[in-house]
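Student: Please take one close look at the metal-binding part of this model. Then place that part within the rest of the chain.

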Amino acid sequence: MSARLVLLGSKGGPAIRPGGPWPTSSLLEIAGRRIVIDCGLGVTRGLTDAGMSLKALDMIVVTHLHSDHVLELGPLIHTAWTAGLADLVRVFGPAGTRACWQGFLQSMAFDIDIRIVDEGRPDLRRLVDVVEFSDGEVFSQDGLTVSALRVDHPPVTDCFALRFDHAEGTVVFSSDTAYFPPLADFASGADILVHEAMLAAGVDRLVARTGNGARLKEHLLASHTFAEQAGAIAEAAGVGRLVLHHLIPADDPEVSQADWITAARKSWPGALTVASDGLVVEFADDSSV
Ligand SMILES: [Zn+2]
Ligand SMILES: [Zn+2]
């Protein structure tokens, strides 16, 4: 298994619309592991569409507890359990992740208990180990190191960019953040930087469509990064490839891939990928969109 990244869900924000893309989740295959990064709605479908057996679920990392990153955490693990999961799953997330998992278990206690008795399944509660992390090293084993950097995503304070280092390659995820220059140091020399991105032209139309106007716009501008700013981070970090992910807006018919490319190209001349659901990014690939 060579290293690859699959963008399962590529839109920013939790709302979905007919025919549109799905909230944020990614699959990183590296160091012989399959690592799920964020669990927005649709992550389970995304993983199976990517050809992954849910029994192989091993490690999940959640960047923050906004619903477009965590809504399907419990349902993913529960579904893997009904698919035959037998080995421990490790879930890494910020403070509050354990309570989120415990709340899910409580909500499904009837079903879990009945399947243990009726179908002879192992106790789901003992198949999951939740580790809450903060800044610094999150995990290190067999040549794979995962580290975290707190980013700027008000009003959420526990929101972390992630860096995965291994001999097969280095990948950095920005998570959700306003333009945050320290990310350039954190992502320095990475093969792939997966950065959230927003397009100025689409924000006003998105706000008008969603219906809570000024307040939503205020949140978007304070908490997210424009594509040209993501390009500036990639340029300062000297990464091998920039992937624009967590797109805002993601399902505006007036916004095309060319608009994202034009915006990022203002500051980033290197290899560039604009995320879409199910898109595979190979580490060795040096092509551009
Ligand atoms: Zn988000
Ligand atoms: Zn968020």
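Tutor: Start with geometry: four donors count as tetrahedral if all angles lie between 85 and 135 degrees; four count as square planar and six as octahedral if opposite donors are over 155 degrees apart and all others between 65 and 115; anything else is irregular. Donors here are N, O and S atoms within 2.8 Å of the metal (3.2 Å for Na, K and Ca), and water is not among the atoms, so sites may look incomplete.

The model is predicted: local features need pLDDT of at least 70 and side-chain atom pairs pLDDT 80 or more, while totals for chains, interfaces and linings use all residues. Residues are numbered from 1 along each chain as its sequence is written, chains are lettered from A and ligands numbered from 1 in the order in which they are written, and side-chain values use heavy atoms, with hydrogens and water left out.

Take the zinc ion (ligand 2) to begin with. Its protein donors are H64 through NE2, H66 through ND1, H153 through NE2 and D176 through OD, at 2.1 to 2.3 Å from the ion. The angles among these 4 donor atoms run from 91 to 160°, and the site is irregular. Along the chain the donor residues of ligand 2 follow the spacing H-x1-H-x86-H-x22-D. H64 sits in the loop between β4 (59–61) and α2 (67–70), and D176 in the loop between β10 and α6; the pair links distant parts of the chain, 112 residues apart. Helices (H or I, at least four residues) and strands (E, at least two) are DSSP runs, numbered from the N terminus. H64 and D176 are both buried, a term that means under 20% relative accessible area, against over 50% for exposed and in between for partly exposed (1.4 Å probe, protein chains only).

D176 leads to the other ion. This aspartate coordinates both the zinc ion (ligand 2) and the zinc ion (ligand 1), which are 3.4 Å apart. For the zinc ion (ligand 1), the protein donors are D68 (OD), H69 (NE2), D176 (OD) and H246 (NE2), and they lie 2.1 to 2.2 Å from the metal. This site, too, is irregular, with angles of 90 to 167° among its 4 donor atoms. The sequence spacing for ligand 1 is D-H-x106-D-x69-H. D176 is in the loop between β10 (169–173) and α6 (182–186), while H246 is in strand β12 (residues 241–248), so these two donors tie together parts that are 70 residues apart in sequence. The relative accessible area of D176 is 2%, and that of H246 is 3%, which also counts as buried.

Now the rest of the chain. It has 10 helices and 14 strands. The C-alpha atoms fill a box of roughly 60 × 45 × 30 Å along the principal axes. Of the 289 residues, 53% are buried. Contact means heavy atoms within 4.5 Å; among contacts between residues at least 6 apart in sequence, 67% join residues at least 24 apart.

Helix α5 offers a local example of packing. I112 is placed in this helix and is buried, at 0% relative accessible area. Apart from neighbours within four places in sequence, I112 is in contact with H78, W81, L105, D123, L124 and R125. From I112 to T210 the C-alpha distance is 37 Å, with their positions 98 residues apart in sequence. D123, one of the contacts of I112, lies in the loop between α5 (109–119) and β6 (128–132). With the same neighbours left aside, D123 touches I112 and I116. The side chains of D123 and R125 are joined by a polar contact of 3.0 Å. A polar contact is a pair of N or O atoms within 3.5 Å; within protein, one must be able to donate a hydrogen and the other to accept it, and residues adjacent in sequence count only if both atoms are side-chain atoms.

Another side-chain polar contact, of 2.6 Å, is made between T273 and R241. T273 belongs to strand β13 (residues 271–274) and is buried, at 7% relative accessible area.
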